[in-house]
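Biologist: I have not seen this model before. Could you take me through it?

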Amino acid sequence: MAAVSLFLPAFAAAFAAGLPAQPKLLPPEQAFRLSARALDPSTIEARFDVADGYYLYRDRIHFSVGSSGDLPAELPKGQRKHDEFFGDVETYRGPVVIRVPLPAAIPGRTLTLHADSQGCADVGVCYPPNPQKLEVALPASGGKPGPYVEAAASKSWLK
Amino acid sequence: MSEPLRPVMEAQPASDAPTVERRAISRRGFVIASVCIGAAALFGGFALFRSRGTRARDGAAVFATTLPDLDGKETALSQWRGKILLVNFWATWCAPCREEMPHFVAVQSRDAGKGVQFVGIAVDQADKVREFVKEIKLNYPVLIGGLGAIELSKALGNELSALPFTIVLDRSGNVVHTQLGQLKARELDTLLESLQA
């Protein structure tokens, strides 16, 4: 019977090693789900749905089309967070809706919106900057806003 | 953090197992013990299966890697073969990474004489890295990682390329531990003690 007791610590050790106490990490495209739609021929509305337990950094979100450079996206205020290296930073949790004005109205065209974002999980890991692309169809002049399209999973964070 | 690969030693039974007197075990106790044996066998097998991947891995991929240091000089990781080598993938944009590094600095100065060598691989821009390295008075080498570093981290099981990610190699160049998320002080000490023995 003494042999039985030998298994008990083994059980405890195996329990600690075999059963992760932490939830499994989501891939970034699921942790920070991105979608977008056209509001009118010169405005895109982008939306991140940040999963529970994850957050995005406001100042690391950038949008561009073609060679436009960073578009003047209207990023809403985030939750303030003090960072010892970067100072005060703002973060987003849950859904966040961002208006992205285009350099010019291009009615009826479909364009590729490039989005960059970076976030972390509360369990204590961060994801590398995540570039994503979305094909957004712009309405004709005076047309209705288009449907939301989801970003495709990115293959690599390196450009 | 979600599923750090545990060192092999954790999956093995402790040798100083307390003994239970035969008379003390009732029939009910026997049933519980039996269940425990079954569960231990199941989970033990599971845990060993999980760690086999770590055990089988040698550090060839690590020692084949060359990356530029902060001065742009190409630096081969193979120069640290024979050390107890801790390769820490990190970035300034990763707060949990920055949080654990002062402890690495302390351990590096405490255990350098015992053959312990930390090497940081920053998945980041050199200027940011320089600034932070100066701030915490980093006392071990930092290399600037690009695609090669990401691929290395992925090859070692970090599929999401999330940070911090640390791998520990023994003196023979075997990967004995991989850690996604912070390496806690106590866990690090236990690991180093087992490798220095």
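Modeller: The turns below cover strand pairing in chain A and then the make-up of chain B; the model is predicted.

Biologist: Which strands of chain A are the edge strands of the open sheet?

Modeller: Four strands of chain A form an open sheet in the order β7-β2-β1-β12, with antiparallel pairing. An edge strand here pairs on one side only, and in chain A that description fits β7 (94–101) and β12 (149–150).

Biologist: In β12(A), what is the bridge partner of A:Ser35?

Modeller: Strand β1 of chain A covers residues 32–40 and runs antiparallel to β12(A), joined to it by two bridges. Within β12(A), A:Ser35 has as its bridge partner A:Glu150.

Biologist: Which residue of β11(A) stands opposite A:Leu111?

Modeller: β8(A) pairs with strand β11 of chain A, residues 130–137, in the antiparallel sense over eight bridges. The residue of β11(A) opposite A:Leu111 is A:Val136.

Biologist: And which residue in β8(A) stands opposite A:Val65?

Modeller: Strand β4 of chain A (residues 62–65) is joined by four bridges to strand β8 of chain A (residues 110–117), and the two run antiparallel. Opposite A:Val65, in β8(A), stands A:Leu113.

Biologist: How many helices and strands are there in chain B?

Modeller: Along the sequence, chain B follows the pattern α-α-β-β-β-α-β-α-β-α-β-β-α. Counted by type, chain B has six helices and seven strands.

Biologist: What percentage of the residues in chain B are buried?

Modeller: A residue is called buried if 20 or more other C-beta atoms lie within 10 Å of its own. Of the 197 residues in chain B, the buried ones make up 38%.

Terms used:
Residues numbered from 1 in each chain as written. Chains lettered and ligands numbered in written order. Predicted model: local features only at pLDDT ≥ 70, side-chain atom pairs only at ≥ 80, totals over all residues. Pairing = 2+ DSSP bridges. Buried ≥ 20, exposed ≤ 12 C-beta atoms within 10 Å, placed from the backbone.
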